[in-house]
Amino acid sequence: MDATTDRVPAFAEHASRLANTHLRDLLKDKARGDRLRKRVGPVLLDLSRQKLDLAALDAVGAYVQGTNWEAARDAMFAGAHINTSEDRAVLHTALRAGGSKLKSPAPAADLEEIESTLKRIEAIVGAVHAGKGPDVGLPATITDVVNVGIGGSDLGPRLAVDALAQFHVPKLRNHFLTNVDGHAADGLMKTLDPKTTIVLLVSKSFNTQETLLNGNVLRDWIATIYGGDIKKAAGHFISVSSNTKAAADWGIPAEKVLPMWDFVGGRYSLWSAVGLSIAFAVGMSHFRALLAGAAMIDDHFRSTPWQENLPVQLAIAEIWNRNVRGSTSRAVVPYVDPLIDLPSYLQQLEMESLGKHVTPAGEQVTQPTVPVVWGSIGTNAQHAYFQALHQGTDIVPLEFIGIVKPGHKLEENHRVLLSNLLAQAAALALGKTFDEAMAESKDGDRAIAAQRTFAGDRPSTVILLDALTPETLGALISLYEHKVFMLGHLWGINAFDQWGVELGKVIAQQIQPALKGKSEHAFDASTQALIEEIAARR
């Protein structure tokens, strides 16, 4: 297929037909509902409220099948260099292959190194949990762990640590420092004890500006208990990096540096040593359960035809909403407070992976790619922006995420929470007609009835987890990862590079000297004016 042509067919016939069919009518078809509602272990995916009938589903599925997606999938699992712009393999799936029931096709040397690293993590975490800090070159008593990283070195571990709060080991608190805004670092240093704090410095290159700046701040703070000796302060640090020399120059010896590999992108790295903060928080057995949950979806993705394949089904829904129906954004609303960071995590996973406008060959794509991903926690969201989702002029597809069994004993709270999730999905789909609103009216006021009318016919997906455990969290994240792979394949873009983050970094490096009054570059008029305003107000 020519790279400059639309990769995704218009499916105009199906779109035209369904434009005149309301979701309340589609939902009456039981066979359709059964096809669009699938389970894998503890994960239920319900796409029955998507604006698809079986004919449209089969048409898109036939297109997907014709793209050789299985061969592309198998190449990824086997370690082919599918990240062509960086000439790298994409092997985040190998990080959890130990929990798979299928033999991994990844290179044996990589699998051996991954397992060796897991054993190193296990030794460090086990020693700290047992109060044997000196055995691994850390303080004897540790009360707080601070993960310092940004992007994938923060969002994935932060999501998992927060989501799995009910599994936390006692007497060990977990913190995340990511932004260079000094307010966060200052706040941490005011509340933590440097004597009992350790820091995980996570940077593949060991030159990430935000991470090293915050690392330096914390090292200087810890040094105050050693008379300003930064070498002794570095004893409170562990690093996850591929640059052991730079880490050693900074003060962290090689035995306290865990590897990051080129075959794992940052936003796919929580399964690796980047997840060290997760292992500290929940213990190694639960960390391995997280990996096993992801591997369960890997096995499913590798072995299941598109008709039953959850990641493929999610991708079909996205293709339908984005490329056929023209939706420009998608809201993700977890009805689970511990999943508060999931929308932010998915923003990076999806928008950094799929926010591309050219093919690997450098040709312009002509179909829309990634929608804007956004969202927050339900039921809070209902009292914020659901007005626009129900009665606004734009139709925004939603994903509702809930759990069947909560991690607490407040049964009435959970019944109310789940009833709201189900009600919102139903209300968005079914709506309320003008006649229904008039029938409810006591005085027959047509203007009020119009304002109380809901068009409905607004699509949503429901994902239900049996409970929020390490296994189900791993499965949920893996489900989204493979959906991203599918969309990159279908849109003809490389989902595993991220050149778009580089330009701003380069310009920021040029601006920093100017903020000190030592400008070496000519800036655009607007930037220069703001630099001058900042200088005048200092």
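This talk describes the cores, the pocket, the cavities and a few backbone features of one predicted model.

Good morning, colleagues. I shall begin with the nonpolar interior. The largest nonpolar core has 113 residues. Within this core, Phe280 and Leu339 have the most contacts. Helix 20, which covers residues 470-491, gives the most to the core, namely 12 residues. A second core, separate from that one, has 20 residues, including Ile222, Ala223, Phe237 and Val257.

Let me stay with Phe280 for a moment. Leaving aside residues up to four places away in sequence, Phe280 touches Ile124, Val125, Val128, His129, Val145, Val169, Leu172, Asn174, Ile198, Leu200 and Ile238.

I turn now to the open space. The largest pocket holds about 990 Å³. Its lining consists of 39 residues, and those closest to the centre of the pocket are Thr208, Gln498, Val501, Glu502 and Lys505. Three elements give two or more residues each to this lining: helix 9 (209-223), helix 15 (342-354) and helix 21 (502-515). Which helix gives the most to the lining of the largest pocket? It is helix 21, with five residues. By class, the lining of this pocket comprises 17 polar, 12 nonpolar and 10 charged residues.

Next come the enclosed spaces. How many cavities of 30 Å³ or more does the structure hold? There are three. The largest cavity has a volume of about 70 Å³. Among the residues that line it are Phe77, Thr93, Ser104, Pro105, Asp298, Asp299 and Arg302. Helix 13, residues 284-303, supplies the largest share of that lining, four residues. The lining of the largest cavity divides into five nonpolar, three polar and three charged residues.

The second largest cavity has a volume of about 60 Å³. Its lining includes Gln50, Leu314, Leu398, Glu399, Thr461 and Lys483. At least two lining residues come from each of helix 14 (310-324) and strand 10 (398-405). Helix 14 gives the most, with four residues. By class, this lining has four charged, four nonpolar and three polar residues.

One residue of that lining deserves a closer view. Thr461 lies in strand 11, residues 460-467. Is Thr461 buried or exposed? Its relative accessibility is 2%, so Thr461 counts as buried, the cut-off for burial being under 20%. The side chain of Thr461 makes a polar contact with the side chain of Gln50, at 2.8 Å. Beyond four places in sequence, Thr461 touches Leu45, Asp46, Leu47, Gln50, Leu314, Leu398, Glu399 and Phe400. Gln50, Leu314, Leu398 and Glu399, which appear among these contacts, also line the second largest cavity.

I shall close with the backbone. Gly378 and Thr379 are joined by a cis peptide bond, with omega about 15°. Thr379 is located in the loop between strand 9 (372-374) and helix 16 (386-391).

Two aspartates have a positive phi, a value noted here in residues other than glycine. For Asp87, phi is near 50°. This residue belongs to the loop between helix 5 (69-78) and helix 6 (108-129). Asp87 has a relative accessible area of 53% and is therefore exposed. For Asp457, phi is near 60°. Asp457 is placed in the loop between helix 19 (446-451) and strand 11, the strand that contains Thr461. With a relative accessible area of 14%, Asp457 is buried.

Thank you for your attention.

Technical notes. Residues are numbered from 1 along each chain as its sequence is written. This is a predicted model: local features need pLDDT of at least 70, side-chain atom pairs count only at pLDDT 80 or more; totals for chains, interfaces and linings use all residues. Side-chain values use heavy atoms; hydrogens and water are left out. Buried means under 20% relative accessible area, exposed over 50%, partly exposed in between (1.4 Å probe, protein chains only). A polar contact is a pair of N or O atoms within 3.5 Å; within protein, one must be able to donate a hydrogen and the other to accept it, and residues adjacent in sequence count only if both atoms are side-chain atoms. Contact means heavy atoms within 4.5 Å. A nonpolar core is a set of buried Ala, Val, Leu, Ile, Met, Phe, Trp, Tyr and Cys residues joined through side-chain atoms within 4.5 Å. On a 1 Å grid over the protein atoms alone, a cavity is a set of points where a 1.4 Å probe fits but cannot get out, and a pocket is an open set with protein on both sides within 12 Å along at least five of seven lines; lining residues have an atom within 4 Å of a point. Grid points are joined across faces, edges and corners, and a volume is the space filled by probe spheres set on the points. Ala, Val, Leu, Ile, Met, Phe, Trp, Tyr, Cys and Pro count as nonpolar, Asp, Glu, Lys and Arg as charged, and the others, Gly among them, as polar.
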